[in-house]
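Got the model open in your viewer? Keep the selection box handy, and let's walk through it one pick at a time.

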Amino acid sequence: MESTGLRQRRPSLKSEVTTETHTQTADSDRSNASSPTSDISHTDSGVIASKSKYIQRRSHSNHRHASKKGKFTERSSQLDFGTLERDKNPMRGFFVLFWVSMGWYTISTAWETFVRAGVPFDMSLAFQMSERGAELATSDSLMILSCFMVIPFVKLVQYRIVPVSAAPVMNWIWLGLWFSTVVSWALFNNWGWTQSGAFTIHCIAMLMKQASYLMSNMESIWKTQELPHLQADIDLLRAEQEGDSSRHQEQLELLLSEQAQFKADLKGKVTGLEFPRNLTFFNFVDYMAIPTLVYEIEYPRTTSFRPMYFLEKVLGTFGIFFLLVSIVSHNINPVLEMSGEIDFITSIMRLLVPFMICFILLFQIIFDCVCNAFAELTYFADREFYEDWWNSTSFDEYARKWNKPVHEFLLRHVYLESISSYKLSRQNATLLTFFVSSVFHELVMALTGKRLRPWLFLLQMFQIPLIYAARIPWVRKRKTLGNAFFWFGMFVGPPLLGAMYAREHYLHP
C-alpha cells in the first residue's frame with residue numbers, strides 16, 4: 001500500500017489562496033459593488049478560511065508521516081545466553097535445563113535407534129530434505145538476484161523519468177509479476193515438502209523486503225519534491241501581514257513542524273546520511289543481508305565482529321536442525337503416516353508434545369541463531385527479533401512479540417498505511433492485517449502440500465474473536481488465566497493442523 005501523497009501532489013498554499021481569493025472577490029463584487037469595506041472583509045475571511053483548511057490537511061499529513069518513523073535502536077535478544085548472563089536473569093538455569101533435556105533426548109533416541117536398526121541415527125529424512133539441493137540453491141540464488149531490479153525502478157522515479165504519481169502502479173505491477181513468477185517456478189519444480197516450504201517462506205520474505213524498499217524510498221522521493229513547495233508556503237505566510245495574528249502564527253508553526261518532520265525523515269538516524277545518498281548498489285546489498293523486513297536509510301551498528309559468537313550461532317543452527325530432524329523422524333512422521341489407521345483424536349494426543357518442542361526449536365533456530373548470525377555479520381545492532389511472547393495473555397500480544405521483523409512490516413506497510421491512505425478504521429485495518437498474514441501462511445501450506453485446504457487460514461482468522469474476548473475487563477485482569485489459555489491454544493493448534501493436513505495427504509493422495 002502506498003502513501004496517498006504519492007498519488008496526487010497537494011496544491012501549494014499560494015495557488016489555493018489566490019484561487020479562493022479571486023472567487024471570493026468576484027462574488028463580493030457582484031453582491032456588494034457599492035461597499036468597498038464589505039469587499040475587503042469578505043476577501044480576508046476567504047483567505048483565512050482557505051489557509052485554515054489547507055493547514056488542517058498539512059497537519060493530518062504531518063501526523064501520518066510521523067506515525068511511521070523507524071524505531072531501530074541497539075538492543076539484544078532476550079534468550080541469547082550472553083544476555084541472560086549479563087543481566088543475571090534468575091531464570092537462566094531453566095534455559096540451561098531445556099538444552100540439557102534436549103541433549104539427553106538425543107542420546108536416548110540414538111540408543112533406541114541403534115538397538116533397533118544397528119545405527120545411532122536415522123538419516124532418511126535428512127537425505128530426503130537434501131534431494132535436489134543444488135537445484136534449490138540455484139533457484140534461491142536467482143530469486144535473490146532478481147530482487148535487485150527494484151534499484152533501477154527507484155532511480156527512474158528519482159530522476160523523474162517516471163512521475164512519482166505513477167510509482168505505486170509501477171511498484172505493484174513489478175511485485176505482482178515477480179511473486180507470481182517465483183510461486184509458479186516453485187510449483188513447476190514440484191520439490192519435496194521441506195524444499196517447497198523453505199523456498200516459499202524465503203520468497204515471501206524477499207517480497208516484503210522489496211515492497212518496503214520501494215515504498216519507503218518512493219515516499220522519500222515525494223517528500224524531497226514536496227519540500228520546495230512547503231518552503232514556498234512558509235515564505236508566503238511569513239510575508240503575509242494581514243489577518244488574525246494568532247491564527248497566522250498557528251498556521252506557520254504547523255508548516256514549520258511538517259517541514260522539520262520531512263527533513264528528519266530524509267536523514268539517517270545514526271550518522272545523518274541524507275537521502276538520496278543511500279540509493280546505491282552496496283546499500284541495497286547491505287539491506288538484503290540485514291535481518292529485517294523494513295527499510296531505513298540507516299540502521300544502528302555494532303563496533304566489532306565477534307568470531308566466536310558467530311561460530312556459536314552457526315553451530316547452534318546445525319545442532320538444532322539435527323534435533324528437529326530427529327524429533328520429526330521418531331515422533332511426528334510415524335504418527336502422521338498412520339493417519340488412516342488411528343483415529344483423529346489419538347493422532348492429536350500423540351502429536352501434542354513433539355509439535356510443541358519442534359515449535360520452540362524452530363523459534364530458536366530462526367530468531368536466535370540465524371537472525372543473530374546475520375546480524376553479527378552485518379554489524380546490525382538491533383537484535384530484538386522477538387520479545388517475551390511466552391508471557392502473552394492474548395493472541396494479538398503474541399502476534400506483536402514472537403516475530404518482530406514480520407510484525408514491523410505489517411504494522412508499517414499494511415496496518416498504518418491502510419489507515420492513512422485508505423481511511424480504514426483501526427478495527428478494519430486490524431482485520432485487513434490479519435487477513436494478509438493469514439493468506440501468506442496458507443500460501444506456504446498450499447505450496448508445501450500441493451493442495452489448497454484452508455485450515456491454517458481459518459484457525460488464524462479465528463484468533464480475531466479470541467482477541468476481542470481477551471479484552472473483556474474480567475478476562476484482562478486475570479493475566480495467569482490469559483497466559484494459560486494462550487498456551488492451551490499453542491499446544492492444541494499445531495498438532496490439530498498437522499493431523500488435518502496429514503489426513504488429507506495420506507487418505508486422499
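Start by selecting Cys371, which is buried at a relative accessible area of 12%; buried means under 20% relative accessible area, exposed over 50%, and partly exposed in between, with a 1.4 Å probe and protein chains only. You're looking at a predicted model, where local features need pLDDT of at least 70 and side-chain atom pairs count only at pLDDT 80 or more, while totals for chains, interfaces and linings use all residues. Residues are numbered from 1 along each chain as its sequence is written, and side-chain values use heavy atoms, with hydrogens and water left out.

Now pull up the cysteines. How many disulfides does the structure hold? Zero, taking a disulfide as a pair of cysteine sulfur atoms within 2.5 Å. Cys147 is in no disulfide, and its nearest cysteine sulfur, on Cys203, sits 8.5 Å away. Cys371 is in none either: the nearest cysteine sulfur belongs to Cys369, at 9.8 Å. Cys147 is buried too, with a relative accessible area of 0%.

Zoom out and colour by secondary structure. You should get 20 helices and zero strands; these are DSSP runs numbered from the N terminus, H or I of at least four residues for helices and E of at least two for strands. Buried residues account for 45% of the 509 in the protein. Of the contacts (heavy atoms within 4.5 Å) between residues at least 6 apart in sequence, 77% join residues at least 24 apart.

Next, the core. A nonpolar core here is a set of buried Ala, Val, Leu, Ile, Met, Phe, Trp, Tyr and Cys residues joined through side-chain atoms within 4.5 Å. The largest has 80 residues, and those touching the most other members are Val157, Trp178, Phe179, Tyr213, Leu214, Met218 and Phe284. Helix 9 (residues 193-239) gives this core its largest share, 18 residues. Centre on Leu214: leaving out residues up to four places away in sequence, Leu214 touches Val150, Phe153, Val154, Asn171, Trp174 and Leu175. A second, separate core of 20 residues includes Leu125, Leu336, Cys358 and Leu361.

While helix 9 is on screen, pick Ala205, which lies in that helix and is buried at 19%. Draw a distance to Leu293: the two are 88 residues apart in sequence, but C-alpha to C-alpha they are 7.1 Å apart in space.

Hop over to Thr317 in helix 12 (residues 307-337). Buried or exposed? At 19% relative accessibility, Thr317 counts as buried. Beyond residues up to four places away in sequence, Thr317 touches Ile365, Cys369 and Val370.

Last stop, the empty space. On a 1 Å grid over the protein atoms alone, a cavity is a set of points where a 1.4 Å probe fits but cannot get out; a pocket is an open set with protein on both sides within 12 Å along at least five of seven lines, and lining residues have an atom within 4 Å of a point. Grid points are joined across faces, edges and corners, and volume is the space filled by probe spheres set on the points.

The second largest pocket has a volume of about 620 Å³. Of its 17 lining residues, select Leu79, Met91, Phe94, Phe95 and Trp390, the closest to its centre. Then show Phe121, Asp122, Met123, Phe322, Val325, Ser326 and His330, which line the second largest cavity, with a volume of about 40 Å³.
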